[in-house]
Amino acid sequence: MPDNYFARYLPLLIHFIVAGLLASAIVLLSWIIGQRKPNRAKMSPYECGMTPIGDARERFSVKFYMVAMLFILFDVEAVFLYPWAVILKDLKMFGFWEMLVYVGIVLVGYVYIWKKGALEWGEPAAPRGEI
């Protein structure tokens, strides 16, 4: 092991340099060798196979963004469950009860957004008692 502290990081520096050179070479070769023959189909915006219709600046419903944020929230919950499941034997019953509290708090949040109607995509229903 070398005595110089920074010499230990030399392989990492070489790795970054080689990776950067390789990525740059691939992009440069693609630009040099690649064919550029623009046509109407290539220049049109890609809309998952559908012909684009209307203005690209169409407004989205706020519910779209709400559902996206809720998906991220519950996805993060799932990310916390995996490492907990791996070390559950080491945590014993304390870890089990702590995770039940965590899942309970998330479940209360889920019931709240469900009752508020954040997950409903259809037309808003008439409030109860006003039919």
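Let me start with a single residue, F64, which counts as partly exposed because its relative accessibility is 42%, where partly exposed lies between buried, under 20% relative accessible area, and exposed, over 50%, with a 1.4 Å probe and protein chains only. Before going on, I should say that this is a predicted model, in which local features need pLDDT of at least 70 and side-chain atom pairs count only at pLDDT 80 or more, while totals for chains, interfaces and linings use all residues. Residues are numbered from 1 along each chain as its sequence is written, and side-chain values use heavy atoms, leaving out hydrogens and water.

F64 sits in helix 3, residues 62-86, helices being DSSP runs of H or I with at least four residues, and strands runs of E with at least two, numbered from the N terminus. The chain has four helices and zero strands, and of its 131 residues 7% count as buried.

Now to the packing of helix 3 against helix 4, residues 88-116: their axes, which are lines fitted to C-alpha atoms over the stretch in contact, with angles from 0 to 180 degrees between N-to-C directions, come within 10 Å and cross at roughly 170°. The two helices are therefore roughly antiparallel, a label for angles over 145 degrees. Contact here means heavy atoms within 4.5 Å, and the residues that meet include L70, F74 and W84 in helix 3 and L91, F96 and Y110 in helix 4.

Finally, among contacts in the chain between residues at least 6 apart in sequence, 57% join residues at least 24 apart.

Note on methods: Parallel < 35°, antiparallel > 145°, perpendicular 65-115°, else oblique.
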